[in-house]
Amino acid sequence: MADKSATPLLDIRNLSVQFNTDSGVVHAVNNLNLSLQKGKALGFVGETGAGKTTTALAVLHLIQSPPGKITSGEILFDGQDILKMTESERQDIRGDKIAMIFQDPMTSLNPIMTVEEQIVEMISLHSDMKGETALKRAHDMLNLVGIRPERGKEFPHQFSGGMRQRVGIAIALACRPSLLIADEPTTALDVTIQAQVIDLIKSLQEKVNTSLLLITHDLGIVAEICDDVAIMYAGHLVEYSDIRQLYGHPMHPYTQGLFNAVPNLNSEPGGRLAVIQGLMPDPTDLPKGCSFSPRCPYAKEICHEKPCGMVEYAPNHFVDCYFPLGVKGGQNHE
Amino acid sequence: MNDRTQATDALLDIRGLKKYFKVSRGLLHAVDNVSLTIPRGRTLGLVGESGCGKSTLGRVVIGLIEATAGEVFFNGKDVLKFTSQERSEFRKHAQIVFQDPFSSLNPRMSVYQLIAEPLLINKVYSSNQQVSEKVKELMDTVGLAERLITSFPHELDGGRRQRIGVARALALNPEFIVLDEPVSALDVCIQAQVLNLLADLKEQRGYTYLFISHNLSVVRYVSDEVAVMYLGQVVERASNRILFEDPLHPYTQALLSAVPVVDLDNRRERIILEGDVPSPINPAPGCRFAPRCRYRQEICLNQDPVHREITPGHFVSCHFAGALRDSRAR
């Protein structure tokens, strides 16, 4: 399987997730298609409420139901549909083949277990290693993420935020997963600590040859470690390509707006940022046409009528837009 | 002393400010001997990582926390020596916008009540009619639609909530506003909207801002001058351009290099700092940054560096400030 690079490790097809709430049905993820090759890192970018985390939880089949429900689609992991597996099959995969690093290292660790116990728990759950061997492995993992093994006897509250996130990474990588999902792994961290953690994830990803699905809202972090980028907006994937292509030629008006809205270190002081007017649509009441059309400065009649769907405007560059930027004749793909 | 502050037209002049907190293990040096000035109508960006004391500094300056030592001159008068009457007068001139628009607004008050509150407390107007007109005017200023006037905070998104925070701060027509991480809790698109609003207000009304943030890109965008804090001390201070283009303190250099940049072709060499920020409780003598500094020498661990003016207006607390730049240039 490993040598057949054409078969993706993770292949999400037509995934839709919705939540039934008192105020209506929230369409969190709509007809999402996404694939991730072995050993590659994919940046999954979008604002709060875009559906990034929901997608990640769907991959692990951890969406709480009710109120959540996967209404359609397939999630092929190594060719097998996670959604069709039995719960015990899924439990074998979770933490072993697919591991997750959560955003908040303060709340994702168990406060009344020492950190080495938490790593051992993961190891003994998914392998034959027990007792001393498992503990040895846990200490190796701590070493790997730059924590002295002696500190394994301490509790999470005795660590700083950056160290706790390292513990989270040690737990996630303890079973050498083939897919690592990192959900905003550095958002709660300071910038110098963030740099340490990003470097760590990057080097471990190469060392363990793990595929990485990195969920973030920070285009800068994606630029640091990802090979491919997917942009989400209001539950829809709006643009997907490899990083050079997408950063060099963002085609979707939302992607472009996102790039322009971020202040960067080279921006001239005293200017004004380009702003996307308005707000994300209410997920219980998504527009009939393109979900970005109400805010899009280039929207035409057809955009409000029906969604465009993904179109490959350049090799391996997919955009969900009738009138992508910088493409001639990109109008009306039919 | 008053003459000097008047002469430089500094609206705010902080001198030797200290704030120590007593904790069980000793004294936590949250703000340790900080001196800063903000000229009228300018924005000072204060950057640093969590726990460096930047928010404490903001709160001491505005009189929300008492200082341990030092002076804070506002329009030439020492804020820290104010009587309670002077202080309530001062509060009309100096306001603060907090980081978290989710917890800084009373969830049981409507938008109208929230924005009217400062007006009512200070009895600015005698009739409800006037208050209501002012509230509507403020909502218009910060870009809140009038239909939201009866809404409650939980019905609004983060950006709109933060606009309420800004409207409350503007209600008494202050001269000076402390913005404590005003956009950190917001998504990039909303963040851009709020930053533009703050820039417009400054331009139209000549406000003076103390802009506290951990986000260097945001500070780069809004500030006239920038000060970098580390463990309670200002380690470097310069004009926006100088600080970002020619940082001299090793901490500032590392901080700037750690910011992930979007540009794929202009990747800078990253300086990865070892370890974490040490505890601010009973800090060891010498340079606070020395344990993590890659240029560390014997002297750094023993002797406090002096906050020196290297070039006009560019202050650095480092024993080797000028020398480090030279070695980089070679």
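User: Helices here are DSSP runs of H or I with at least four residues, strands are runs of E with at least two, and both are numbered from the N terminus. With that in hand, between which helices does the loop with B:S151 lie?

Analyst: Happy to help, and please keep in mind that this is a predicted model. One of the two helices of chain B in question covers residues 128–142, and the other covers 158–170. B:S151 lies in the loop between them, so to name the helices by the DSSP numbering: α5 and α6 of chain B.

User: Is B:S151 buried, partly exposed or exposed?

Analyst: Leaving out residues up to four places away in sequence, B:S151 touches B:S110, B:V111 and B:L156. Its C-alpha atom and that of B:R161, 10 residues further apart along the chain, are separated by 11 Å. A residue needs 20 or more other C-beta atoms within 10 Å to be buried, and 12 or fewer to be exposed. B:S151 has 16 C-beta neighbours inside 10 Å, so the verdict is partly exposed.

User: Which helix gives the most to the side of chain B that touches chain A?

Analyst: Across this interface, 33 residues of chain B are in contact with 38 residues of chain A. The elements of chain B that give two or more residues to it are α7 (188–205), α8 (216–222), α9 (240–245) and α10 (250–258). With seven residues, the one that gives the most is α7(B).

User: How many residues on that side of chain B are nonpolar, polar and charged?

Analyst: The question concerns the 33 residues of chain B that are in contact with chain A. They divide into six charged, seven polar and, for the nonpolar group, 20.

User: What expected length does the span of α7(B) come close to?

Analyst: The helix α7(B) has 18 residues. The expected span is 1.5 Å times one less than the number of residues. From its first C-alpha to its last, α7(B) reaches a distance close to the expected value, and both are given as 26 Å.

User: Which element of chain A helps to cover the buried residues of α7(B)?

Analyst: The buried residues of α7(B) include B:V188, B:I190, B:L195, B:L198 and B:K202. Their cover includes β3, α6, β7, β8 and α8 of chain B. From the partner chain it also includes the helix at residues 253–261, α9 of chain A.

User: Which residue just after α7(B) takes a positive phi?

Analyst: The helix α7 of chain B runs over residues 188–205. Just after it comes a residue with a positive phi of about 65 degrees, B:G206.

User: Which strands stand at the edges of the eight-strand sheet in chain B?

Analyst: This open sheet has mixed pairing and the order β6-β7-β8-β3-β9-β10-β12-β11. Its neighbouring strands are turned by 20 degrees against each other on average, direction ignored. The edge strands each have a single partner strand, so one side of each is left without a neighbour in the sheet; they are β6 (94–97) and β11 (307–311) of chain B.

User: Within this sheet, which residue of β9(B) stands opposite B:V47?

Analyst: Strand β3 of chain B covers residues 43–47, and β9 of chain B covers 225–230. The two pair in the parallel sense over four bridges. Opposite B:V47 stands B:V228.

User: At what angle does helix α2 of chain B run to β8(B)?

Analyst: Helix α2 of chain B, residues 54–61, lies across β3, β6, β7 (176–180), β8 (208–213) and β9 of chain B. Another helix, α10(B), packs on the sheet and touches β9 and β10 (233–239), with its direction at about 100 degrees to that of β9(B). For α2(B) against β8(B), the angle is about 155 degrees.

User: Turning to chain A, which residue in the hairpin of β4(A) and β5(A) takes a positive phi?

Analyst: Strand β4 (residues 68–77) of chain A pairs with β1 (residues 10–21) in the antiparallel sense over eight bridges, and A:L10 stands opposite A:F77. β4(A) also pairs with β5 (residues 80–81) in the antiparallel sense over two bridges, with A:D81 as the bridge partner of A:L76. Two residues lie between the strands of this hairpin, and the one with a positive phi near 55 degrees is A:D78.

User: What radius of gyration does chain A have?

Analyst: Chain A has 10 helices and 12 strands, and 48% of its 334 residues count as buried. A compact globule with 334 residues would have a radius of gyration near 20 Å, and the value for chain A agrees with this: 21 Å.

Note on methods:
Residues numbered from 1 in each chain as written. Chains lettered and ligands numbered in written order. Predicted model: local features only at pLDDT ≥ 70, side-chain atom pairs only at ≥ 80, totals over all residues. Contact = placed C-beta atoms within 7 Å. Nonpolar A, V, L, I, M, F, W, Y, C, P; charged D, E, K, R; others polar. Rg over C-alpha atoms; globule rule 2.2 N^0.38 Å. Pairing = 2+ DSSP bridges. Axes fitted to C-alpha atoms, helices over the stretch in contact; angles between N-to-C directions.
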